[in-house]
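User: I've got a model on screen and I'd like to talk through how it is put together. Can we go through it piece by piece?

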Amino acid sequence: MEGSGHRVVFEKGGVYLHTSAKKHQDPDSLIAGVIRVVEKDNDVLLHWAPVEEAGDSTQILFSKKDSSGGDSCTSEEDPTFDPGYEPDWAVISTVRPRPHHSEPTEGAEPSSTRGPWAFSVSLGELKSIRRSKPGLSWAYLVLVTQAGGSLPALHFHRGGTRALLRVLSRYLLLASSPQDSRLYLVFPHDSSALSNSFHHLQLFDQDSSNVVSRFLQDPYSTTFSSFSRVTNFFRGALQPHPEGTSPDLPPPPDDEPEPGFEVISCVELGSRPPVERASPVTEGEWALHVGPEGRLQQVSELKNRIFSGGLSPSLRREAWKFLLGYLSWEGSAEEHKAHVRKKTDEYFRMKLQWKSVSPEQERRNSLLHGYRSLIERDVSRTDRTNKFYEGPENPGLGLLHDILLTYCMYHFDLGYVQGMSDLLSPILYVIQSEVDAFWCFCGFMELVHGNFEESQETMKRQLGQLLLLLRVLDQPLCDFLDSQDSGSLCFCFRWLLIWFKREFPFPDILRLWEVLWTGLPGPNLHLLVACAILDMERDTLMLSGFGSNEILKHINELTMKLSVEDVLTRAEALYRQLTACRELPHNVQEVLGLVPPSEPRSPSPPVSPLPLSPTRALPTPPPSVDTAPQPDSSLEILPEEEEGADS
């Protein structure tokens with residue numbers, strides 16, 4: 001957008017000034033406005049003005065948090081598309097107002113201060129930018145000038161801090177302060193300012209000007225030999241970038257970066273190796289691994305075969321009991337029989353606990369009544385197109401109900417959470433025994449119970465790990481998703497929550513799960529499965545110019561259209577490509593299970609791009625099995641295809 005002597009290169013509405021210091025802002029104390037970056041003559045200005053002064057106020061959507069913490073958005077237009085989620089599962093907002101670029105009135109200059117709150121500042125006058133702590137109602141930025149004064153805090157009620165920083169990075173060098181991770185020091189793009197920045201950041205013990213000259217000549221070697229702290233953006237800003245690309249930003253303003261030493265670099269991956277899937281394990285092949293007393297032999301070899309080819313449908317009923325920990329891989333046939341008898345008694349004792357509760361008692365037990373109501377509702381719509389569950393009086397529905405309610409007695413703390421019926425349904429379909437299916441389901445829940453915890457910390461950690469892997473595998477795709485407000489990968493939430501149950505046809509999900517249950521080749525193969533799907537859709541997403549709504553819609557429309565064998569083949573290829581890299585960042589090695597975690601996981605891990613940590617040599621010990629995927633709250637009830645024998 002160009003005017004007389006100026007050009008607006010960035011514009012974002014929904015940027016508020018809070019004129020009251022109260023924790024809960026009164027609507028009268030919120031001043032809505034528009035933030036713009038304007039090129040004027042030979043200068044670049046950052047300009048904010050209230051809505052009524054910034055252009056057509058009817059096009060500005062007011063968005064604020066309600067008292068319950070939810071989002072409310074009023075708009076004069078309807079959502080641009082309906083994702084088809086059931087209301088109680090829709091956790092991803094798909095309402096995105098169409099961008100509106102208001103033209104300045106002829107003769108008006110954006111830099112002119114109109115009104116007591118409007119302000120304009122030259123980017124050359126900025127000294128630092130401070131971002132808000134994560135977890136606050138809205139993200140905000142505080143701009144500090146060279147004179148030492150600070151401008152009013154800009155509260156981004158509809159997001160946009162990262163987009164603004166990305167635009168500012170075209171004109172400024174933003175360096176994260178080693179003393180305060182939320183403070184970015186601002187420097188112009190010239191060597192003298194760069195020398196001063198090194199001095200202020202105390203990155204080097206030697207003369208800063210000498211370091212600058214060497215850094216500009218050979219940024220890679222100088223970085224790795226001298227830097228103890230270099231942010232991803234800081235490094236990218238000093239290197240030439242291809243036309244049309246912009247350097248990476250510091251860690252996104254909405255999330256706390258990983259503390260401690262970090263060197264972030266562009267990981268050079270080798271070529272992706274070819275992978276071929278094997279044929280499923282047959283009953284005859286399984287029998288070759290059964291010893292004289294019924295003990296399984298060469299278990300590692302057997303698990304590798306299951307990983308590479310899956311199981312024949314006729315073998316699943318027996319093999320799944322081992323994969324899900326119900327039966328021991330080392331136990332004899334007699335030991336297994338004794339174990340089943342013991343577990344059968346234990347199951348019916350727990351089932352009797354809720355069976356013996358009278359209607360009068362249940363009326364005074366709101367927790368049990370709530371679980372029963374939720375289970376009855378979910379069971380009535382779980383895989384009803386599957387012949388095993390179709391029909392109004394289908395006994396399979398009764399078994400689903402009883403197993404899930406008994407699980408509430410088994411795991412009082414967790415109880416029942418929506419989505420668990422999706423995990424039980426394939427297990428009961430394969431096992432076809434109430435008791436055995438219950439204990440297999442318990443084994444599955446041991447892997448994914450964190451997905452259903454109220455804190456959602458496990459889901460947050462997994463989304464962060466997924467983004468970390470994707471950053472290493474495909475940084476341009478991450479940059480594209482960031483530019484479309486989709487960098488948090490929330491559209492993958494359902495995938496991880498119920499292990500892709502709604503994404504593949506029913507027979508394919510049986511194959512996918514049994515491969516994931518082997519724990520091979522590492523503890524987080526489900527994350528690589530997600531990366532594989534995104535890799536397959538990469539060109540469609542990036543070349544079609546999708547916005548956030550279109551990205552979410554496209555991901556939804558992949559349901560039942562994916563080939564499990566193609567996805568597994570690509571996921572394994574991605575794993576091999578990553579592990580072949582000798583300079584793989586240490587935290588990526590941890591996600592892949594190549595090294596043990598360096599320290600206990602934080603209870604509140606970052607959700608956004610985890611910074612890459614320094615590379616360490618890859619060890620040779622076998623990968624350890626870790627916990628599996630995690631849940632989401634945006635499930636979509638979709639018809640399942642009829643199951644049949646796997647091809």
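Here is the conversation that follows, one question at a time.

User: Before anything else, what average pLDDT does the protein chain have?
Analyst: This is a predicted model, so confidence is a fair place to start. Of the residues, 68% score at least 70. The chain as a whole averages a pLDDT of 76.

User: Over which residues is the pLDDT below 50?
Analyst: Two stretches come up here. Residues 53-114 have 118 contacts in the model beyond near neighbours in sequence, and residues 613-647 have 141. Where pLDDT is low, the predicted coordinates should not be read in detail. The stretches below 50 include 53-114 and 613-647.

User: And the overall make-up: how much of the protein chain counts as buried?
Analyst: The chain has 24 helices and 14 strands. Its accessible surface comes to about 29500 Å², 50% of that belonging to carbon and sulfur atoms. Of the 647 residues, the share that counts as buried is 54%.

User: Which helix gives the most to the largest nonpolar core?
Analyst: That core has 116 residues, and Ile427, Leu512 and Val529 touch the most other members. The top contributor is a helix covering residues 434-448, which supplies 10 residues. The helix you want is H15.

User: Which residues is Ile427 in contact with, leaving aside neighbours within four places in sequence?
Analyst: Ile427 is one of the residues touching the most other core members. Its contacts include Ala437, Cys440, Phe441 and Phe444, and H15 spans residues 434-448. The full set is Trp320, Leu324, Gln432, Ala437, Cys440, Phe441, Phe444 and Trp517.

User: How many residues are in the other core that lies apart from it?
Analyst: Members of this other core include Leu151, Leu168, Leu172 and Tyr184. Its size is 28 residues.

User: What do the buried residues of H9 pack against?
Analyst: In H9, the buried residues are Leu315, Arg316, Ala319, Trp320, Lys321, Phe322 and Leu323. Just after the helix, Gly325 takes a positive phi of about 80 degrees. The packing partners are H7, H8, H10, H14, H15 and H19.

User: Are the rings of Trp286 and Phe322 stacked, tilted or edge-to-face?
Analyst: Trp286 sits in H7 and Phe322 in H9, so the pair ties together parts 36 residues apart in sequence. Both residues are buried. With centres 5.8 Å apart and planes at 55 degrees, the pair is tilted.

User: How about Tyr410 and Phe438: what kind of pair do they make?
Analyst: Tyr410 lies in H13 and Phe438 in H15, so this pair links parts 28 residues apart in sequence. The ring centres are 5.8 Å apart with planes at 85 degrees, and over 60 counts as edge-to-face. So the pair is edge-to-face.

User: Is Tyr410 buried or partly exposed?
Analyst: Its partner Phe438 has 0% relative accessibility, so Phe438 counts as buried. Tyr410 has a relative accessible area of 32%, and buried would need under 20%. That makes Tyr410 partly exposed.

User: Which residues form one aromatic cluster with Tyr410 and Phe438?
Analyst: The model has 21 aromatic pairs in total. The cluster that holds Tyr410 and Phe438 also takes in Tyr347, Phe348, Tyr407, Trp439 and Phe441.

User: Over to the strands: how many of the residues in E3 are buried?
Analyst: Strand E3 runs over residues 30-40. E2 is joined to E3 by 10 antiparallel bridges, with His6 partnered to Lys40. E4 pairs with E3 over 8 bridges, also antiparallel, and Arg36 is partnered there with His47. The buried count in E3 is 9 of 11.

User: In the hairpin of E3 and E4, which residue in the turn has a positive phi?
Analyst: The two strands have 2 residues between them. The phi in question is about 55 degrees, and the residue is Asp41.

User: Last one: which residues does Thr282 touch, not counting those up to four places away?
Analyst: Thr282 is in the loop between E14 and H7, and at 37% relative accessibility it is partly exposed. Its C-alpha atom is 9.8 Å from that of Arg316, 34 residues along the chain. The residues touched are Ser312 and Leu315.

Methods
Residues numbered from 1 in each chain as written. Predicted model: local features only at pLDDT ≥ 70, side-chain atom pairs only at ≥ 80, totals over all residues. Heavy atoms only, no water. Core = buried A, V, L, I, M, F, W, Y, C linked by side-chain atoms within 4.5 Å. Buried < 20%, exposed > 50% of the residue type's maximum accessible area, 1.4 Å probe, protein only. Helix = DSSP H or I, 4+ residues; strand = E, 2+ residues; numbered from the N terminus. Contact = heavy atoms within 4.5 Å. Pairing = 2+ DSSP bridges. Areas by Shrake-Rupley, 256 points an atom, 1.4 Å probe, with all protein chains shown as cover. pLDDT = per-residue confidence, 0-100. Phe/Tyr/Trp six-rings, centres within 6.5 Å; stacked < 30°, edge-to-face > 60°.
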